[in-house]
Amino acid sequence: MAQKNSKGKTQKKVSNSATTASQGNESSMMRRSGFYIALAAGVLAVGVYCAKFWGKNAGMSTSNETFTSKYESNRSSQVPFTLPPVHKLPDVPKDGADLQRRDAVLEAFEQSWNAYEENAWGRDEYHPLSKHGSNLLGDGSPIGYTIIDTLDMLILLNQRHAYERARNWVRDELRWDVSGRLNVFETTIRLLGGLLSASALIRDPPAGALPASAEDAQLFLRKAVELADGLLPAFDTPTGIPLREIDLASGEAFPDLDNFNASSLAEATTVQLEFKYLAHLTGDLKYWRTAERPMKYARAISTPPALGILPIFLSVETGQFYAADVRLGSRGDSYYEYLVKQYLQTNRTESVYRSMYEYAFDGIKAGLLDVGQRTDPPLVYTVELVAQRGQQGPEWRKVPKQDHLVCFLGGAMMLGASATLPGRLQPPQPKSASQATLEDWRVGHELTRTCVDTYARSVSGLGAEIVYYLPAGVGEVDARDWMVKRVLDAKGQPPIDARNILRPETVESLYIAYQLTGDEIYREWGWSIFEAFRRHCQVDKGKGGYAGIDDVDSPEPKQIDRMETFWLSETLKYLYLLYSPRNMLSFDSWVFNTEAHPLPVFQPTHPTSLA
């Protein structure tokens, strides 16, 4: 798969103050957020927090072993339960396109894009039921959310007319001197990432895409530089950790007041691919430094005796982490994704990121996994560690809650496990890979299978926003391993947990798994998901675009009046590539940002400052 306002990759809430402020605001924070975050009293020192946390809760070693860039050589298996049997890969991987299914995905894309063009052209977002568009800044100027987010897809799908109209809009209409607060993270991954990806693809397009255009590539790069320079004031903090919002017209940046000025882990550490690639293109070191400064604080806490899974909030002023929740969904997810992808982006030259992601994988496997008891083979799922006050200080309790956002993790773990040996990315082999790496791969596959199960066993065939896993002995013996909240809100509507808003994370992992293996099982799972989208999410038989649904367990769910931009930029892209020739965009040459914008792998000229 992620504030990702519509995508939801990072949601909200924490404290930057001492005990009184934290206590006084906790209950209102809980009411506003819709999920529970209990802070310990103020800031805990990084080393104390993690040493106490892991020594007590995860049974992990807290020895003061030297942590080097060769951490991977010291890894061992960490999963505290027996994994399901190894999934056997095909002897002859599938490489060719599935043209019938790819064409069906292409049709869904063209219907969705045409509906946007007809009813909301130039607007940031499209509302398919009311057939109108809206802008993020209200009545202010649009900033190209849908258009820029979809540019690279138009190039890949060889949509010449649509591409030229979108390019002309960027050239003639797009401007950055717009007043209003924009989320720095969202603007970076969607707009900066979208422009850089479009520039790269139109400069050196893959087979079947639109023909190359150096002029267009330069146009998109120029717009990207202008945007990046407009975002830089947000990073002008004592730590380099960005403030949450910025007004591009005035250059004024704003902290996250709802969370007492804290930054979320995902927002601080999911701008690196974009700024590092921009530094590579321009030769300007300031962009590289902008990317690396926030990473230093994550790096500092990702060494023994701490483990590499981190709380979801940290201080913009000091870089210290708060005694907050530890989770792999909202506000945490894409940190782990970008550890893997930063290693791949610079052609596997920055070994510090491999060490960090493998260290994080070990923490995930030891402390954030559990296994179901109702199916055979059992489902492996993730949990959250919720921070709360105890008599002796902060404590964390395990909650069997999994966001749809977490479904990126299966693909990320398989991708990371494939990068351990030189040469072409491929699944790790028992004769050459460590047991820990083989375990990473197996867990990645199992988490992907679990996410598919939340689709396959829902009434609609679509996955819910949030599911809770059930302990043994609760509910019917042959029932699902998981449940979706059924409590209606004050208006009698299903809870947000029950929605499907066209999210990409599950099909993202399916695409990554298929690209690495050529295993048809991932295509079959993806097709079932796509068919469910067609059954329930088409508006006016597709002519009006696609919409999310309010309740995945209803036989007649209601549609939601919003077609998320990530439906075009991510979900349909991953599905299209899933049925395209396997190496249309080889992972040896391209790395996808968290909004599915492909960026080229490159050999860095700027040295990493992380050690």
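# A tour from salt bridges to the core

Across the whole structure, a search turns up 42 salt bridges. Keep in mind as you click around that this is a predicted model.

**Stop 1: Arg 75 and its partners.** Select Arg 75 and Glu 358. They form a salt bridge, with the closest N and O atoms 3.4 Å apart. This one links distant parts of the chain: Glu 358 is in helix H12 (residues 351–367), while Arg 75 is in the loop between helix H2 (46–57) and helix H3 (99–120), 283 residues apart. Is Glu 358 buried or exposed? Glu 358 is buried, with a relative accessible area of 1%. Arg 75 also counts as buried, at 10% relative accessibility.

Now add Asp 440 to the selection. Its side chain meets that of Arg 75 in another salt bridge, 2.9 Å from N to O. Arg 75 lies in the loop between H2 and H3 and Asp 440 in helix H14, so this pair ties together parts that are 365 residues apart in sequence. Both Arg 75 and Asp 440 are buried.

**Stop 2: a salt bridge with partly exposed partners.** Jump to Asp 229 and Lys 286, which form a salt bridge with their closest N and O atoms 3.5 Å apart. Here the link runs from helix H7 (residues 214–231), home of Asp 229, to helix H10 (residues 285–301), home of Lys 286, and the two residues are 57 residues apart. Asp 229 is partly exposed, at 33% relative accessible area. Lys 286 is partly exposed too, at 35%.

Before leaving the charged residues, go back and select Arg 75, Arg 354, Glu 358, Asp 362, Lys 365, Glu 439 and Asp 440 together: salt bridges that share partners join them into one network.

**Stop 3: the disulfide.** How many disulfides does the structure hold? It holds 1 disulfide. Show Cys 407 and Cys 451 as sticks and you'll find their sulfur atoms 2.1 Å apart. Look along the S-S bond: the angle about it is -95°, and the link is left-handed. Cys 407 sits in the loop between strand S12 (401–403) and helix H13 (408–417), and Cys 451 sits in helix H14 (residues 435–456), so the pair ties together parts that are 44 residues apart in sequence. Cys 407 and Cys 451 are both buried.

**Stop 4: helix H11 and the annotated positions.** Next, select residues 333–345, which make up helix H11. This helix has 13 residues and reaches 18 Å from its first C-alpha to its last, close to the 18 Å expected at 1.5 Å a residue. Try colouring H11 by accessibility: 13 of its 13 residues are buried, so the helix is largely enclosed by the rest of the structure. H11 is followed by Asn 347, whose phi is positive, near 60°.

Which residues does UniProt list for "active site"? The entry, which is unreviewed, gives Glu 186, Asp 333, Glu 465 and Glu 505. You already have one of them selected, as Asp 333 is found in helix H11. Asp 333 is buried, with a relative accessible area of 0%. For another, go to helix H15 (residues 505–517), where Glu 505 has its place. Glu 505 counts as buried as well, at 0% relative accessibility.

**Stop 5: helix H16.** Move on to residues 520–537, helix H16. Its 18 residues should span 26 Å at 1.5 Å a residue, and its end C-alpha atoms are 25 Å apart, which agrees. Among the buried residues here are Trp 525, Trp 527, Phe 530, Phe 533 and His 536. Cys 537 counts as buried at 0% relative accessibility. To see what surrounds this buried set, show H3, H13, H14, H15 and helix H17 (565–578): the buried residues of H16 pack against them.

**Stop 6: the nonpolar core.** In soluble globular proteins, nonpolar side chains tend to be buried together. In this model, the largest nonpolar core has 169 residues, and those with the most contacts inside it are Phe 275, Tyr 336 and Leu 572. Helix H6 (residues 184–203) supplies the largest share of this core, 11 residues. Apart from it lies another core, of 5 residues, including Ala 262, Ile 312, Phe 313 and Tyr 322.

For a last view, centre on Leu 572. Leaving aside residues up to four places away in sequence, Leu 572 touches Val 105, Ala 108, Phe 109, Ser 112, Met 153, Phe 530 and Trp 567.

Definitions and conventions: Residues are numbered from 1 along each chain as its sequence is written. This is a predicted model: local features need pLDDT of at least 70, side-chain atom pairs count only at pLDDT 80 or more; totals for chains, interfaces and linings use all residues. Side-chain values use heavy atoms; hydrogens and water are left out. A nonpolar core is a set of buried Ala, Val, Leu, Ile, Met, Phe, Trp, Tyr and Cys residues joined through side-chain atoms within 4.5 Å. Buried means under 20% relative accessible area, exposed over 50%, partly exposed in between (1.4 Å probe, protein chains only). Helices (H or I, at least four residues) and strands (E, at least two) are DSSP runs, numbered from the N terminus. Contact means heavy atoms within 4.5 Å. A disulfide is a pair of cysteine sulfur atoms within 2.5 Å. A salt bridge is a side-chain nitrogen of Lys or Arg within 4 Å of a carboxyl oxygen of Asp or Glu. The expected span of a helix is 1.5 Å times one less than its number of residues. UniProt positions are given in the numbering used here, feature names are shortened, and annotations may be inferred rather than shown by experiment.
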